[in-house]
Amino acid sequence: PKRWAAKKTTKLLAKSVAISMVILGIRWLGLLQNTELSAYDTLMKLRPTEAPDPRLVIVTVDGDAIESQTSVERRGSLSDETLQATLSTLLSYEPRVIGLDLYRDFPAIIPALAEMLTRPEVVGICKCRDPGFDDTGIGPAPELANSQVGFSDFIEDTDGVLRRQILTLTPDATSPCTSPYGFAALMAIHYLRNVPSEENNFQPSFTEQKNLKIGDVVFPHLGPRTGGLQRMDDDGNQILLNYRALPTPEQIAIKVPLQKLLNGEVNPESIRDRMVLIGVTESSGDYWATPYYGVHGQARTSGVYLQAQMASQIISSVLDGRPLIWVLPQWAEALCILSGAIIGSLLTWQLMLWRQWSWRGRGVNLGFICFLSAGSLIFIAWAALLTGGWLPLVPTLLTFGGGAISSNAALGPNRE
């Protein structure tokens with residue numbers, strides 16, 4: 001009867017709202033964050049494989065390259081003699097940008113190296129002062145102008161995995177590192193400024209909402225609650241890092257061992273007009289957990305590859321239209337979560353009625369149908385991620401399951 005159906009529908013909708021409110025409350029407290037992040041990582045790894053970024057080259061400095069240096073004056077990973085030879089070779093190949101992912105807070109003792117470090121193609125790093133982790137910080141090489149220096153700081157999520165990128169921040173006046181731009185962002189800006197174009201409009205600017213804008217692309221900064229991140233430090237101008245879909249983060253670009261470069265075994269055309277990063281890949285504490293391996297994985301990723309991922313994200317977004325990771329507004333996510341409960345309730349109700357009132361429905365397995373429906377929700381979330389969308393998959397699945405269970409209990413084995 002219509003009166004009975006209306007009563008049951010109202011009851012199920014009320015239960016759906018109640019279930020959604022409970023799940024939203026649990027999510028707001030951050031109790032679902034690690035589960036949502038794990039699901040996000042899984043979907044990230046299931047994306048179709050992309051090609052490496054052809055605009056980047058990484059000069060790798062491994063343990064053998066460090067140990068083979070004979071200079072007694074070596075104060076960092078590379079001695080002044082080795083760094084001078086490296087920069088001299090690279091500059092002769094005419095790259096667009098050279099990024100030194102090496103800490104040098106001391107002056108060069110070789111005048112020729114000091115002159116090379118002032119070249120506008122060279123970008124260096126510094127490390128911001130952080131009272132919670134590093135109360136001192138690390139300054140840049142004295143030869144580098146402020147426009148040539150970017151901070152190297154990364155930020156981890158609560159589970160220890162790197163999923164975000166800091167584009168800009170307000171520098172601490174007491175820190176030896178006062179650059180407002182992240183190292184990867186600054187390299188991308190330098191690269192884009194030199195893109196051959198009749199109308200090169202790739203100068204960085206900021207919108208009224210204080211979002212970084214390069215060309216026509218706006219990089220919306222994260223709020224304190226973004227997607228599955230309900231407990232996060234939102235200092236600075238942060239975006240989610242859309243890792244290039246590759247088997248490992250290290251495959252982001254061509255890798256050239258330092259010794260091969262110095263021995264003249266590299267084709268200059270593979271360097272010309274590209275962004276070159278120089279960084280230590282072994283014997284370093286600069287290792288990070290990523291969605292590829294997780295915090296408990298045996299393999300972690302060296303920081304230079306992550307800087308390459310971040311720079312590639314910006315360049316690819318501006319030049320290729322590659323999507324950034326986006327999330328729905330909080331109210332829209334709440335509607336998605338509520339929709340999961342409603343769909344679970346009504347679907348189960350209709351299936352149960354069909355089983356009771358139709359001989360054709362008596363062989364229907366409710367669990368199997370719900371399993372297929374949940375699989376459909378997962379597929380939708382995966383398809384959305386291909387366009388950069390991070391949908392609230394885990395809380396929606398929870399409300400879907402809760403709605404299905406409540407509908408089954410409310411309807412019972414018969415119509416009463």
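Trainee: What makes the contact between the side chains of D157 and R163 a salt bridge?

Mentor: In this predicted model, the side chains of D157 and R163 come together with 2.9 Å from N to O. A salt bridge asks for a side-chain nitrogen of Lys or Arg within 4 Å of a carboxyl oxygen of Asp or Glu, and therefore the contact of D157 with R163, at 2.9 Å, counts as one.

Trainee: Which residue does R164 form a salt bridge with, and how far apart are the closest N and O atoms?

Mentor: The partner of R164 is D157, and their closest N and O atoms are 2.8 Å apart. D159 in turn forms a salt bridge with R163, where the closest N and O atoms lie 2.7 Å apart. Through salt bridges that share partners, D41, D157, D159, R163 and R164 are joined into one network. By this rule, the count of salt bridges comes to 14.

Trainee: Why is D157 called buried?

Mentor: D157 has a relative accessible area of 6%, and buried means under 20%, so D157 falls on the buried side of that cut-off.

Trainee: How do you know whether R163, R164 and D159 are buried or exposed?

Mentor: The cut-off to hold them against is again under 20% relative accessible area. R163 has a value of 2% and is therefore buried; R164, at 2%, counts as buried; and D159, at 18%, counts as buried as well.

Trainee: What makes strand 3 largely enclosed by the rest of the structure?

Mentor: Strand 3 covers residues 122–126, and 5 of its 5 residues are buried, so the strand is largely enclosed by the rest of the structure. V122, G124 and C126 point one way from strand 3, while V123 and I125 point the other way, and all of them are buried.

Trainee: How do you know that strand 2 and strand 3 pair, and in which sense do they do so?

Mentor: Two strands pair if at least two bridges are found between them, and strand 2, residues 97–101, has 2 bridges with strand 3, in the parallel sense. Within strand 3, V122 is the bridge partner of I98. Between the two strands the chain passes through helix 5, residues 111–117, and this β-α-β crossover from strand 2 to strand 3 is right-handed.

Trainee: Which residue in strand 4 is the bridge partner of I125?

Mentor: The bridge partner of I125 in strand 4 is G150. Strand 4 covers residues 149–151 and pairs with strand 3 in the parallel sense over 3 bridges.

Trainee: Why is E94 called partly exposed?

Mentor: Partly exposed is the range between the buried limit of 20% and the exposed limit of 50%, and E94, with a relative accessible area of 48%, is therefore partly exposed. E94 is found in the loop between helix 4, residues 80–92, and strand 2.

Trainee: What is the phi of E94, and what is the phi of D273?

Mentor: E94 has a positive phi of about 60° although it is not a glycine, and the phi of D273, also a residue other than glycine, is positive and near 65°. Most residues other than glycine have a negative phi. D273 sits in the loop between helix 7, residues 258–262, and strand 11, residues 275–280, and its relative accessible area of 42% makes it partly exposed.

Trainee: Why does L397 count as buried, partly exposed or exposed?

Mentor: L397 has a relative accessible area of 26% and is therefore partly exposed. Its place is in helix 11, residues 393–411. Leaving aside residues up to four places away in sequence, L397 touches A374, L377 and I378. From L397 to G375 the C-alpha atoms are 9.5 Å apart in space, and the two residues are 22 residues apart in sequence.

Trainee: Which residues form the nonpolar patch on the surface?

Mentor: V22, I26, W28, L29 and L31 form that patch, with about 510 Å² of accessible area together. One of them, I26, lies in helix 1, residues 2–28.

Trainee: How many helices and strands does the protein chain have, and what share of its residues is buried?

Mentor: The protein chain has 11 helices and 15 strands, and buried residues make up 52% of its 416 residues. It exposes about 19,200 Å², of which carbon and sulfur atoms supply 58%.

Conventions: Residues are numbered from 1 along each chain as its sequence is written. This is a predicted model: local features need pLDDT of at least 70, side-chain atom pairs count only at pLDDT 80 or more; totals for chains, interfaces and linings use all residues. Side-chain values use heavy atoms; hydrogens and water are left out. Buried means under 20% relative accessible area, exposed over 50%, partly exposed in between (1.4 Å probe, protein chains only). Helices (H or I, at least four residues) and strands (E, at least two) are DSSP runs, numbered from the N terminus. A crossover is right-handed if, with the strands pointing away from the viewer, the path from the first strand over the helix to the second runs clockwise. Accessible areas come from the Shrake-Rupley method with a 1.4 Å probe; for residues, only the protein chains shown count as cover. Patches are made of residues with over 30% relative accessible area and no salt bridge: like charges are joined within 9 Å, nonpolar side chains (Val, Leu, Ile, Met, Phe, Trp, Tyr) within 5 Å. Contact means heavy atoms within 4.5 Å.
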